[in-house]
Amino acid sequence: MTSAPVTEVRTPRASRARGTGDLPPGPRAHAVWQTLAWMSRPGGFLVRVHARYGDPATIRTYWTEEPMVLFSHPDAVREVFALPAEIAPAGQSWEFLRPFAGPHSILVIDGEEHLRERRLLQKPFHGEQMRALSPIIGELAGAELATWRGRVNTLERMRALTLEIMLRVVFGARDDGEFARLHAAVEDALAGVRSLPRVLAMAVVMKDLGPRSPWGRFRLAVERFDTLLYDLLARRRAEPDHEASVLSLLLAQRDEDGNAPTDQHLRDQLVALLMGGHDSSAASLAWAFERLARSPEVRARLRTGESAYLDAVVKEVLRVRPALTIAPRLLRQPTPIAGRTIPAGVQVAACLWLAMRRPDLWRDAGAFRPERWLDGVSPPSRSWIPYGGGVRRCAGAPFAEMEMREVLRAAARLDFRPARTASERARRSMLVVVPERGGEIIVS
Ligand code: HEM
């Protein structure tokens, strides 16, 4: 584990907190070191901070402009999720996504506008409409896993599969040409922000220093992607899609005045789904392979096809290795949380990673044990928060679970073992945490 050297240097950021209230204790190491630990060993960093400073604790990284106070106790987490948007706009915590997400994206807006957008965006993810999408997802998953032989980097393969699902099932890409063009453009846009040095370079200097700078390259890739997406929208408007896709449902949306969505609006909705749903699903699935590879008895029971057990495996993967470690909100005014006043100008975050592995709440918290969901002792479900909570809770959760179920159903038929026996540690990749060696398995 990379330990953050302890220095007494305070970053200028620390002084941005405003008004009454003190920040809870936290590491005094410079933000550079905390950022490195946060990126390269996020799990270990969070656990260490919790062990040393308790709950809540304050960290300072370049990930956000402001210091961040982490909460993991269920009562405090509930208070964070219940904060109204006027006091704690969550969209502002993801402000750095705006250049790709777009100005109307659900990810970066707050308040009434956000609630309106959410009502529209969530519709396709419920009931019959969503269940109609599961056979095609099952087919795509089966076709992908049928090609696996020998050493497989499951993170790479799950990125490919979840992107294919996203483009075919959500964006409704029809023929192979349409799919291939969109695919190349998305890969290009995402490649720029996936590697650690590039994310750091962009987080520190998020400005355009020409087309060869990381930020400049990223902006160009986004422009290319937008051009293709607007072409696709024009084609679908001219010739509606008869196959089930999320885009065909989004095209049928009407606002309160009966207006159809604009191209810009649809573009921002699709990109929100892509940004919210691609890396998070791929990371969760790679973790599923990383855990399953080391749990032959779980794989054996999965093979029986018992659907309650499949659900339990999905829940347990999301508990023990949540793809997102925090759900942050930016405080606009001093606010009491868990009995102490947190000053304005600070990020407060429900720490999903810590909440789901608190030893006082979860028996054998670090173990991957899907049976815990079935053995009659009710687990502390209020602390099972892989999708965040409140009005910002993951808008694609039903889709994500359906996707995981389909892939794991197909995986149950495979015979595989870990490439190396030691468990893989977590590292950060863009917004999610992934297994450091890519969830490598050997398929026989
Ligand atoms: C296992 C996979 C996934 C995990 C672990 C996950 C987790 C999360 C989390 C933690 C949040 C932030 C919640 C908060 O701040 O309280 C979020 C937001 C969001 N997710 Fe997911 N997600 C997953 C898959 C998906 C998928 C497949 C989609 C779309 C198809 C999606 C779309 C979104 C959107 C649009 C938001 C923003 C919601 C808002 O701001 O109102 N996610 N997700």
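**Iron donor, helix packing and sheet edges**

Reader: Across which strands does helix α3 lie, and at about what angle does it run to β7?

Author: In this predicted model, helix α3 covers residues 74-82 and β7 covers 347-351. The helix lies across β2, β4 and β7. Relative to β7, α3 runs at about 130°.

Reader: Which strands stand at the edges of the open sheet, and why is one side of each left without a neighbour?

Author: The sheet is open and has four strands in the order β1-β2-β7-β4, with mixed pairing. Each edge strand has a single partner strand, so one side of it has no neighbour in the sheet. The strands at the edges are β1 (57-59) and β4 (326-330).

Reader: In which sense do β1 and β2 pair, and which residue in β2 is the bridge partner of A57?

Author: Strand β2 comprises residues 68-71. Its pairing with β1 is antiparallel and extends over three bridges. In β2, the bridge partner of A57 is L70.

Reader: How is α5 oriented to α13: roughly parallel or roughly perpendicular?

Author: Helix α5 (residues 111-122) packs with helix α13 (residues 263-293) at an angle of about 75°, their axes being 12 Å apart. Angles of 65 to 115 degrees count as roughly perpendicular. Therefore α5 is, with respect to α13, roughly perpendicular.

Reader: Which residues in α13 are met by residues in α5?

Author: The residues of this contact divide into three nonpolar, two polar and one charged. From α5, the participants are E117, L120 and L121. They meet, in α13, H265, Q269 and L273.

Reader: Which residue is the only protein donor of the iron atom of the ligand?

Author: The donor atom is SG, at 2.3 Å. The residue is placed in the loop between α16 (352-355) and α17 (397-411). The only protein donor is C394.

Terms used
Residues are numbered from 1 along each chain as its sequence is written. This is a predicted model: local features need pLDDT of at least 70, side-chain atom pairs count only at pLDDT 80 or more; totals for chains, interfaces and linings use all residues. Side-chain values use heavy atoms; hydrogens and water are left out. Donors are N, O and S atoms within 2.8 Å of the metal (3.2 Å for Na, K and Ca); water is not among the atoms, so sites may look incomplete. Helices (H or I, at least four residues) and strands (E, at least two) are DSSP runs, numbered from the N terminus. Axes are lines fitted to C-alpha atoms, for helices over the stretch in contact, and angles run from 0 to 180 degrees between N-to-C directions. Angles under 35 degrees count as roughly parallel, over 145 as roughly antiparallel, 65 to 115 as roughly perpendicular and the rest as oblique. Contact means heavy atoms within 4.5 Å. Ala, Val, Leu, Ile, Met, Phe, Trp, Tyr, Cys and Pro count as nonpolar, Asp, Glu, Lys and Arg as charged, and the others, Gly among them, as polar. Two strands pair if DSSP finds at least two bridges between them.
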